[in-house]
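Open the structure in your viewer and keep the selection panel at hand. The stops below go from the whole chain to single side chains.

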Amino acid sequence: MASQDEQQQEQDPRIPKISSAIRVIPNFPKPGIMFQDITTLLLNTKAFSDTIDLFVERYKGQNISVVAGIEARGFIFGPPIALAIGAKFVPIRKPNKLPGEVISEEYSLEYGKDKMEMHVGAVQAGERALIIDDLVATGGTLSAAIRLLERVGVHIVECACVIELSGLKVCGANLIPLAAFSITVREINLSFKHIF
């Protein structure tokens, strides 16, 4: 995140309220995981609205024609942002969830690999896209989404997340080659092995 973004966020009174609306649940869904629970943010109508507004303020007027949301929580934030900026919403899903013809992109996990998929024809070469998710940790799903969209000639404007987890090791195959904008940054205690 650029220092200009950090300064702007420090001055925005909405940021601390959004951050405090997200609860952390230790050892869920299994021991060692510090789960970043956005359901409490969704229950707070003001904080949820402010979250959407911050993204819309950042991306309105940038000629973005596609908001690509990563399954599953990117589906919560992506559609209202897409509607507000006049873009279409394209779901990026886990394998075997989309009907019809898809293209897929593999990415690395701590212990193995997974894939993200998108419908063939959902986007066109030359379109400008924003990729949205609730959280960026190691960057695997964001990297896969970037590669999927770039394969068909889409220009990625930026990746955006509500929460950025800092202090995690990023697998070399998952390095995000673009700037990523996040509303709140969470420092992670590295004694916890997994973060969701």
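The tour starts with the whole chain, then visits a strand pair and some aromatic rings.

This is a predicted model, in which local features need pLDDT of at least 70, side-chain atom pairs count only at pLDDT 80 or more, and totals for chains, interfaces and linings use all residues. Residues are numbered from 1 along each chain as its sequence is written, and side-chain values use heavy atoms, with hydrogens and water left out.

**Whole chain**

Select everything and colour by secondary structure. The chain has six helices and 10 strands, taken as DSSP runs numbered from the N terminus (helices H or I, at least four residues; strands E, at least two). Of its 196 residues, 45% are buried, where buried means under 20% relative accessible area, exposed over 50% and partly exposed in between (1.4 Å probe, protein chains only). Among contacts (heavy atoms within 4.5 Å) between residues at least 6 apart in sequence, 61% join residues at least 24 apart.

**Strands E7 and E8**

Next select residues 128-136, strand E7, together with strand E8, residues 155-166. E7 and E8 run parallel and are joined by eight bridges; two strands pair if DSSP finds at least two bridges between them. To find the register, pick Ala-129, which stands opposite Ile-156 in E8. Add helix H6, residues 140-151: the chain passes from E7 through H6 to E8 in a right-handed β-α-β crossover. Right-handed means that, with the strands pointing away from the viewer, the path from the first strand over the helix to the second runs clockwise. Is E8 enclosed or open? Of its 12 residues, 10 are buried, so E8 is largely enclosed by the rest of the structure.

**Aromatic rings**

Now show the side chains of Phe, Tyr and Trp. Rings (for Trp, the six-membered one) pair if their centres lie within 6.5 Å; planes under 30 degrees apart count as stacked, over 60 as edge-to-face and the rest as tilted. That rule gives five aromatic pairs. In one of them, Phe-28 and Phe-35 have ring centres 5.3 Å apart and planes at 85°, so the pair is edge-to-face. Phe-28 is partly exposed at 40% relative accessibility, whereas Phe-35 is buried at 13%.

Move on to Phe-55 and Phe-181, an edge-to-face pair with 6.0 Å centre to centre and 80° between the planes. Phe-55 belongs to helix H4 (residues 45-59) and Phe-181 to strand E9 (residues 180-187); the two are 126 residues apart, and their pair links distant parts of the chain. Phe-55 is buried at 0% relative accessibility, and Phe-181 is buried at 7%. Finally add Tyr-59: ring pairs link Tyr-59, Phe-55 and Phe-181 into a cluster.
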